[in-house]
Amino acid sequence: MKLQPTSSQTVGPFFDIGLRRFCCADLLVPGLSGSRITIEGRVLDGNGLPVPDAVVEVWQANAHGKYAHPEDTQDKPLESAFKGYGRIATDDQGRFRITTIKPGPVPGPRGTNQAPHLEISVFMRGLLKRLVTRIYFPDDPRNGADPVLALVAPERRGTLIAKAAPGQPDRLAWDVVLQGAGETVFFDC
Amino acid sequence: MSGFDGILKICSPDCILARVAHNGRGTALSLITDVQGYRRPIPGTQPEYLHPAYVSSIKRAPTQPLVVIPHTLSEVTGPQFGKEDIAPEIFDLTRQHAGEPLGERMIVTGRVLDEDGRSIPHTVVEIWQANAAGRYLHKWDQHNAPLDPNFTGSGHTLTDAEGRYRFITIKPGCYPWRNHYNAWRPAHIHFSLFGPAFATRLVTQMYFPGDPLLASDPIFNGTPDEAARQRLIANFDWETTVPETALGFRFDIILRGREQTPMEGKA
Ligand SMILES: [Fe+2]
């Protein structure tokens, strides 16, 4: 039997009635290893206006580079209280803030390693299907060998790399720019 | 050539065309990966981002082509939830308040399957909807229709071992929106699913058979393929209908299936 996947439809403007249950902007759990970070940003539309009705979802490995998922069979410590999942609705100014830890590197295709990154989905009214992107970390030497960043035109890679606040390497900024100059790289995945 | 053979083994012809067309730089070979990825949709069976009839897509759809990436461990894993994460489960939306909500009571049930027809057990299904008058319990919903003090309009559950879910609710009303003159959304229930992986995440809407508003709805019609649109419409079902109690509708949800073989050792 071969079935076709159900078509995606927009999340619409009223998603927070239904998606409130798993909203979580702070992924930290007691005893979690790794360096704590916050990522703050805005979702901006083609007019440069903030999008106040977007929802950003995060999926990430722990600081050892291990995903809390049965298909991650790497011999690395699993911290079972850490789900690696976050869901944040933007506020009236289109802002979101994620509190988490920097993940470790995870394997990539054919023996490569992927630089530490967060997997990001963005949903909003006006989008009939989610946008998929990634957040990488500034000044991480592993970015240079990341097999996914390597698929992105060099002049656009910067849209995937968060920026650290001056003197505060744990305070990161990363925006989702939907259109125009500095448009974020989105993936077909 | 062995690399290209690999792609032929894991992909339908449509999928290969989609991949090559998408990246357009002849780098399809670099898409081979050593985890077992998820299949790519057949063109037309999923909406495009820019769908001008849906006006709010115009300033929100990306204008640059998507970058096609292989599925890595990051995409074939994804958040997993259990009973403790969803407690208290809300599958009966008619029993969240002191009284019962107004409207046609109904049961919405179905199975969550992958493309090969395999059930997806113990996966989260979230729903939200308007009340019978077509009003959401949301600060931004200004539709001049009454709220129902006995209806919140959201629920969440886990599928059972056979991938089955079941909600009891009331039929949502149609509601106006400002997309175009005299625009009304057909009755619908919003669905959100995770499935087994980041790659299988799905947000969709379920519609009702015979709704005259479907033909003019830019969101429903944002999916080009006619058969794919029809699959968004639930089936009225006598077997699910409970005498003297509630109408029954069936809505199966299909998440992406796996590519056939992991590409271990192909390069
Ligand atoms: Fe809706």
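In the next few minutes I will go through a predicted model of a complex, taking its confidence scores, chain B, one cavity and one residue of chain A in turn.

Let me start with confidence, since this is a predicted model and everything that follows rests on it. For the complex as a whole, the predictor gives an ipTM of 0.98 together with a pTM of 0.92. Within chain B the average pLDDT is 88, and 85% of the residues score at least 70. The stretch to treat with caution is residues 1–32 of chain B, over which pLDDT stays under 50, although the model does have 47 contacts beyond four places in sequence for that stretch. Where pLDDT is low, the predicted coordinates should not be read in detail, and I would ask you to keep that in mind when looking at the beginning of this chain.

Turning to chain B itself, we have 5 helices and 12 strands, and of its 267 residues, 58% are buried. If we take the contacts in chain B between residues at least 6 apart in sequence, 72% of them join residues at least 24 apart. As for the surface, chain B exposes about 11500 Å², of which carbon and sulfur atoms supply 57%.

Next, the empty space inside the model. Rolling a probe the size of a water molecule over the atoms shows where empty space is left. A search of the whole structure returns 4 cavities of 30 Å³ or more, and the largest cavity has a volume of about 70 Å³. Which residues line the largest cavity? From chain A they are A:Glu57, A:Val58, A:Trp59, A:Tyr85 and A:Ser121, while from chain B they are B:Pro79, B:Phe194, B:Ala197, B:Phe198 and B:Arg201, so to speak a lining drawn from both chains. Strand S2 of chain A, residues 54–59, contributes the largest share of that lining, with 3 residues. By residue class, the lining divides into 7 nonpolar, 1 polar and 2 charged.

Finally, a single residue, A:Asp170, which lies in strand S10 of chain A, residues 168–173. Is A:Asp170 buried, exposed or partly exposed? Its relative accessible area is 40%, and because that value falls between the 20% limit for buried and the 50% limit for exposed, A:Asp170 is described as partly exposed. Leaving aside residues up to four places away in sequence, A:Asp170 touches A:Arg36, A:Ile37 and A:Thr38. A:Arg134, by contrast, is 36 residues away from A:Asp170 along the chain, and their C-alpha atoms are separated by 18 Å.

Note on methods. Residues are numbered from 1 along each chain as its sequence is written. Chains are lettered from A and ligands numbered from 1 in the order in which they are written. This is a predicted model: local features need pLDDT of at least 70, side-chain atom pairs count only at pLDDT 80 or more; totals for chains, interfaces and linings use all residues. Side-chain values use heavy atoms; hydrogens and water are left out. Helices (H or I, at least four residues) and strands (E, at least two) are DSSP runs, numbered from the N terminus. Buried means under 20% relative accessible area, exposed over 50%, partly exposed in between (1.4 Å probe, protein chains only). Contact means heavy atoms within 4.5 Å. Accessible areas come from the Shrake-Rupley method with a 1.4 Å probe; for residues, only the protein chains shown count as cover. On a 1 Å grid over the protein atoms alone, a cavity is a set of points where a 1.4 Å probe fits but cannot get out, and a pocket is an open set with protein on both sides within 12 Å along at least five of seven lines; lining residues have an atom within 4 Å of a point. Grid points are joined across faces, edges and corners, and a volume is the space filled by probe spheres set on the points. Ala, Val, Leu, Ile, Met, Phe, Trp, Tyr, Cys and Pro count as nonpolar, Asp, Glu, Lys and Arg as charged, and the others, Gly among them, as polar. pLDDT is the predictor's confidence in each residue, from 0 to 100.
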